[in-house]
Amino acid sequence: MDLSYFIFLSSGLFLGWSLGANDAANVFGTAVGTKMLRFKTAATIASVCIILGAVFGGAGTSRTLVELGAVNELAGAFMVALSAALAVYWMVNNGTPVSTTQAIVGSIVGWNFYSNHTTDSTILAKIVSTWIICPVLSGCIAVGLYLLIRRYIKHTKTHIIRQDLYTRIGLIAACAFGAYALGANNIANVMGVFVDAAPFHGINIGNINFSGTQILFFIGGLAISCGVFTYSQKVIKTIGNDVMSMSPIIAWIVVISQSLVLFLFASQELKTFLDMHNLPSLPLVPVSSSQAVIGAVIGIGIAKGGRGIRWSLLGKVALGWITTPIISALFCFIFLFVLENVFNLVVYH
């Protein structure tokens, strides 16, 4: 196996680390912020489930990114991933939750522009539309769950200690499901541009067959997990309680809402089932867990009358969503020029 492949793959691993540092907060930031789970416990659960989601559920969304821009040289793929990672790292270092999806899309568009490849406007429009659909859908789910649970609590008299236990168990389950959905939906952002060049061959472990792409996604999942453990606590502070003070039950609703949205945009089985029965389905597109969780928080805040939402902080987050793809595209274009003209590497053909 060519060692140079792993050198070029390092940018994808860095992007995976950045995604874990940023998006882990969306999975268990609310649980840690409300003191219902310790950071190490939540991070361990999330890491295992992220890897499982990446390996067993990540194939669908990666195809969409390939359709947006088929990066056809390994050096080009290296720079696409590195540009997205640098954009995400820059934002994360300022404590701002950003969209890794927007970063990688911006990088791919930057590569298309540099290499004179046409960006498929239909695919791009589909992806960009999810940047609106994702938070709105998450907010609607959160409002529905909030109203149902509030009504349930009013009509039942559960002891406070038992209610606390149920909430803690619910948050653990929500973190596990959310991490699986994150791995399945967002592994395409980390490893999607490397799929065509992956040198791995399929292997059999017992009765389970793992394809070369699944091995690649497993490596990407490990990188995400490293980001979870080493650098996610800073962003967790923003998501955990800075946007809006949350009770443990509200935290559970937020995690479940964003997890369902990520799962809906990643499940090939669900899309196939809906298509077979001529029912409306969502595209298999990597979406932003940051947007999903913010949408859920805003939805609940509005359902509670709009009180307690820190709109100034949300403005900062929204600005990050707008600037991230632009910064990533500019990084990619400039660095591709450097790779090609200074280091004499082929970045496209």
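Biologist: The expected span of a helix is 1.5 Å times one less than its number of residues. What span should helix α10 have, and how far apart are its end C-alpha atoms?

Modeller: This is a predicted model, in which local features need pLDDT of at least 70 and side-chain atom pairs pLDDT 80 or more, while totals for chains, interfaces and linings use all residues. Residues are numbered from 1 along each chain as its sequence is written, and side-chain values use heavy atoms, without hydrogens and water. Helix α10 (a DSSP run of H or I, at least four residues, numbered from the N terminus) covers residues 248–264. Its 17 residues should span 24 Å, and the end C-alpha atoms are 24 Å apart, so the two values agree.

Biologist: How many residues of α10 are buried?

Modeller: Twelve of the 17 are buried (under 20% relative accessible area, 1.4 Å probe, protein chains only), so α10 is mostly covered. Among them are I249, I250 and A251 towards the start of the list, and V261 and L262 at its end. The buried set also includes S257, Q258 and S259.

Biologist: Which helices do those buried residues pack against?

Modeller: The buried residues of α10 pack (heavy atoms within 4.5 Å) against α1 (3–33), α6 (121–155), α7 (160–191) and α12 (289–303).

Biologist: Changing topic, how many disulfides are there?

Modeller: Zero in the whole structure, counting a pair of cysteine sulfur atoms within 2.5 Å as a disulfide. For C49, the nearest cysteine sulfur belongs to C175, 9.2 Å away.

Biologist: Is C49 buried or exposed?

Modeller: C49 is buried, because its relative accessible area is 14%.

Biologist: And why is C140 without a bond?

Modeller: The closest cysteine sulfur to that of C140 is in C134, and because they lie 12 Å apart, they are too far for a bond.

Note on methods
Buried means under 20% relative accessible area, exposed over 50%, partly exposed in between (1.4 Å probe, protein chains only). Helices (H or I, at least four residues) and strands (E, at least two) are DSSP runs, numbered from the N terminus.
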